[in-house]
Amino acid sequence: MAASSYPSRTPDLPDVCVVTHPLAAAGENATRSLLDILAAITGVALVTADLPADSAIRDRHELVEITSEGAGDSVLVAAARFLLNQLRMCLVLARRDEDVVLFYGATSYLLPILFARAIGRTVLIEPRGDVPLTLRIQWEQELPSPIARILAALVRALERAGFAAANGVVTYTPEMSRQLDLDPDSPRVYPWGARYVQTDRFDVRTPFAERERRVGFLGRLDEEKNVRELAAVAKRLPDDVTFTFVGDGDLREWLEAELADEIASGSVEMRGWVDHDDVPAELNRLRLVVLPSEPTEGLPTSILEALACGTPVYATPVSGVPDVVRDGETGFLMDETDPDAILRDLRSILDREDLAEVSRNGRDLIEAEYSFAAAKRRYRDILLAAG
């Protein structure tokens, strides 16, 4: 849908310029969702770098790309381009006339944050997760741990300075605010930032009672997602339970070798990467989604999409997750990521007599709080309050 075709914009809302860091595929999906929400209520443009060539954003929204260069292969090159991109963003913002500048995920872009404030713009920052922690984990794979920690601490200092300089900070849930050391009760913090699910596409197609005893993981197959622990679990599931992996990543070949016998016997499925349009069908095959992620994400989209499909989620209580995965009500929280503990809990959850009720509760939550209409209401309130 083109931006000009949105019919219900609110005349008294300020236009918004969204600024992001260079976008990989996952970030592109989240940014497109945010732009769709904003475009339905006001004018919006995107300033970014490295947008995928086939991104739907190019046809749907006004776009300014500041560079076609990626982050580079070394920390020094990445740092230089990080600084250069900030200077380019300042030049772009000087020529823009939107009243609100929303830094989405670009939480440590301190120079354009300060510049936007200096030229009289209302500045909002919306973290997508714990960026410094994510960078530290990445850097520890190529640098000595003390250096990686120092660099991550510098990024965190930039992020905190940005939070202090902005007019407001938007988080996905109150718990995410707390984990970022923000007070969800502060008038400068908007702790219910709008996420949304296309509830007409992500819905209950297979009644829960008709689903097989199948559990699954959806996401990147990498260390951050604790995929190795899930492999150990998949080897020891009861005979009547199948484990399905949906996704791709660095650990895919290792996973296929590690679980070769289970794949051959049919107790483990490797679905590989699937198009986003096919994700609802995958979720409707499952009785439970298992996500033992580390605390770097704000609120994984896969959790919202699973609940929308009536599939309960068993996940680590990181960032905004506990506000959505309400233990025993819409899903289940993981106390430990040890394979023995996960296996024990999985057996207990699958044998619960109220699992179908948990399924209904999850769908009801998404319809009430994470539909597109609910997302529009939330962002309308945020822009009115911030302006």
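The following exchange examines how several descriptions of this predicted model are justified.

Visitor: Why is helix H12 called largely enclosed by the rest of the structure?
Guide: Helix H12 spans residues 301-308, and 7 of its 8 residues are buried, so the rest of the structure largely encloses it. The buried residues are Ser302, Ile303, Leu304, Glu305, Ala306, Leu307 and Ala308.

Visitor: What covers the buried residues of H12?
Guide: The cover includes strands E8 (214-218), E11 (288-291) and E12 (313-315), together with helices H11 (279-283) and H14 (355-369). After H12 comes Gly310, which has a positive phi, near 70°.

Visitor: How many aromatic pairs are there?
Guide: The count comes to 4 aromatic pairs. One of them joins Phe82 and Tyr109, at 5.2 Å centre to centre with 65° between the planes.

Visitor: What makes the pair of Phe82 and Tyr109 edge-to-face?
Guide: The planes are 65° apart, and an angle over 60 degrees counts as edge-to-face. Phe82 belongs to helix H3 (residues 75-95), whereas Tyr109 lies in the loop between strand E4 (100-104) and helix H4 (110-118), so the pair ties together parts that are 27 residues apart in sequence.

Visitor: Why does Phe82 count as partly exposed, and why does Tyr109 count as buried?
Guide: Buried requires under 20% relative accessible area, and exposed requires over 50%. Phe82 has 26% relative accessibility and therefore counts as partly exposed, while Tyr109, at 4%, counts as buried.

Visitor: Why is the pair of Phe243 and Phe245 called tilted?
Guide: Their planes are 35° apart, and the centres lie 4.7 Å from each other. Planes under 30 degrees apart would count as stacked and those over 60 as edge-to-face, so the remaining range is tilted. Phe243 and Phe245 are both buried, and ring pairs link them with Phe217 into a cluster.

Visitor: How do you know that Arg228 lies over the face of Trp254?
Guide: Arg228 is at 4.6 Å from the ring centre of Trp254, and the limit for this distance is 6 Å, with a position within 35 degrees of the ring normal also required. Arg378 likewise lies over the face of Tyr370, at 5.0 Å from the ring centre.

Visitor: What makes H4 and H6 roughly parallel to each other?
Guide: H4 and helix H6 (residues 145-165) pack at an angle of about 15°, with axes 9 Å apart. Angles under 35 degrees count as roughly parallel, and H4 and H6 are therefore described in this way. Their crossing is left-handed. Leu110, Ile113, Leu114 and Arg117 in H4 meet Leu158, Ala161, Gly162 and Ala165 in H6.

Note on methods
Residues numbered from 1 in each chain as written. Predicted model: local features only at pLDDT ≥ 70, side-chain atom pairs only at ≥ 80, totals over all residues. Heavy atoms only, no water. Buried < 20%, exposed > 50% of the residue type's maximum accessible area, 1.4 Å probe, protein only. Helix = DSSP H or I, 4+ residues; strand = E, 2+ residues; numbered from the N terminus. Contact = heavy atoms within 4.5 Å. Phe/Tyr/Trp six-rings, centres within 6.5 Å; stacked < 30°, edge-to-face > 60°. Axes fitted to C-alpha atoms, helices over the stretch in contact; angles between N-to-C directions. Parallel < 35°, antiparallel > 145°, perpendicular 65-115°, else oblique. Left-handed = near helix turned anticlockwise from the far one by under 90°.
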